[in-house]
Amino acid sequence: MTSTFPNVSINTERLVLRPLDEDDVAALAAMMNDEQVAAWTSVPQPFTEDGARTWITEYAPTERTEGRGLDFAVTEFLTQRLVGVIQLGKTNWHVRSTELSYIIAPWARGEGYASEAALVTARWLFSDLKFERIELRTAADNTASQQVAQKIGCISEGVLRNACIARSRAEDGTWTDVRTDFIVWSLLPEDLEGVGDQPADGFTSFDDWN
């Protein structure tokens, strides 16, 4: 049984999910420097183009080939513009389980891209790779991310108290770590029955960046 994600692309009517490539460096760096991405993820700030290039050429390929996860660039079908990232991580091939995270560029929010990309990824995992569980973790105050989880059919399983580090910008412009709770969500194959591509948007915490 496989223990490595295939190097594939997935399409919806509006989106193409494909491997990150070096042409994404500038757009990825710009997206990661957004205020809300900084607040709700562990992405280093400021996020440089060198950091984006390292992620694309070293981190993401290693995660895939060593079986830990997979990173998708989420792009618009018509314009090919980068609108976000879907990341799979903490994968357990014996249990057939993985953790799903998402970030959407600030200019693309409100279009339902996060739920659309997450949903097609989940369907691909369940149908093609025979996964049995997808897990999401959202910071307690990250309501946008929680709405995405609900839209794609996730079930809230509980709260990991004090398990998340978010960030708050101080008056001098610096970022300060703020400890908060994680809400744990799960998605099983049967949870997708009757779930459609409903509009939602957001981003969730990313772990183990670079």
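Mentor: A nonpolar core is a set of buried Ala, Val, Leu, Ile, Met, Phe, Trp, Tyr and Cys residues joined through side-chain atoms within 4.5 Å. Keep in mind that this is a predicted model.

Trainee: Okay, so which residues touch the most other members of the largest nonpolar core?

Mentor: In soluble globular proteins, nonpolar side chains tend to be buried together. Here the largest core has 38 residues, and F5, L17, I86, Y102 and W124 touch the most other members. At least two residues each come from β2 (15–19), β3 (70–76), β4, β5, α4 (113–127), β6 (133–139), α5 (143–151) and β8. The top contributor is α4, which gives ten residues. Apart from this core lies another one of 19 residues, including V25, I56, Y59 and V85.

Trainee: What is W124 in contact with, sequence neighbours aside?

Mentor: Skip anything within four places in sequence, and W124 is in contact with F5, P6, V8, I10, L70, F72, L88 and L129.

Trainee: Back to α4, then. How many of its residues are buried?

Mentor: 13 of its 15 residues are buried, so α4 is largely enclosed by the rest of the structure. For its length, compare the end-to-end C-alpha distance with what 1.5 Å a residue would give: α4 reaches 21 Å, close to the 21 Å expected.

Trainee: And α1? Which of its residues are buried?

Mentor: In α1 (residues 25–32), those are V25, L28, A29, M31 and M32. They cover an arc of only 165° around the axis, which puts them on the same side of the helix. Among the elements covering these buried residues are α2 (35–40), α3 (49–65), β4 (82–92) and β5 (97–104).

Trainee: How many disulfides does the structure hold?

Mentor: Zero. To count as a disulfide, two cysteine sulfur atoms have to be within 2.5 Å. For C154, the closest cysteine sulfur is in C164, 17 Å away, too far for a bond. Both cysteines are buried, C154 at 7% relative accessibility and C164 with a relative accessible area of 2%.

Trainee: C164 makes me curious about T180. Is T180 buried or exposed?

Mentor: The cut-off for buried is under 20% relative accessible area. T180 has 15%, so T180 is buried. You'll find T180 in strand β8 (residues 175–187). Leaving out neighbours within four places in sequence, T180 is in contact with A139, A140, N162, A163, C164 and A166. So there's your C164, on the contact list of T180.

How values were computed:
Residues are numbered from 1 along each chain as its sequence is written. This is a predicted model: local features need pLDDT of at least 70, side-chain atom pairs count only at pLDDT 80 or more; totals for chains, interfaces and linings use all residues. Side-chain values use heavy atoms; hydrogens and water are left out. Helices (H or I, at least four residues) and strands (E, at least two) are DSSP runs, numbered from the N terminus. Buried means under 20% relative accessible area, exposed over 50%, partly exposed in between (1.4 Å probe, protein chains only). Contact means heavy atoms within 4.5 Å. The arc is that of the directions from the helix axis to the C-beta atoms. The expected span of a helix is 1.5 Å times one less than its number of residues.
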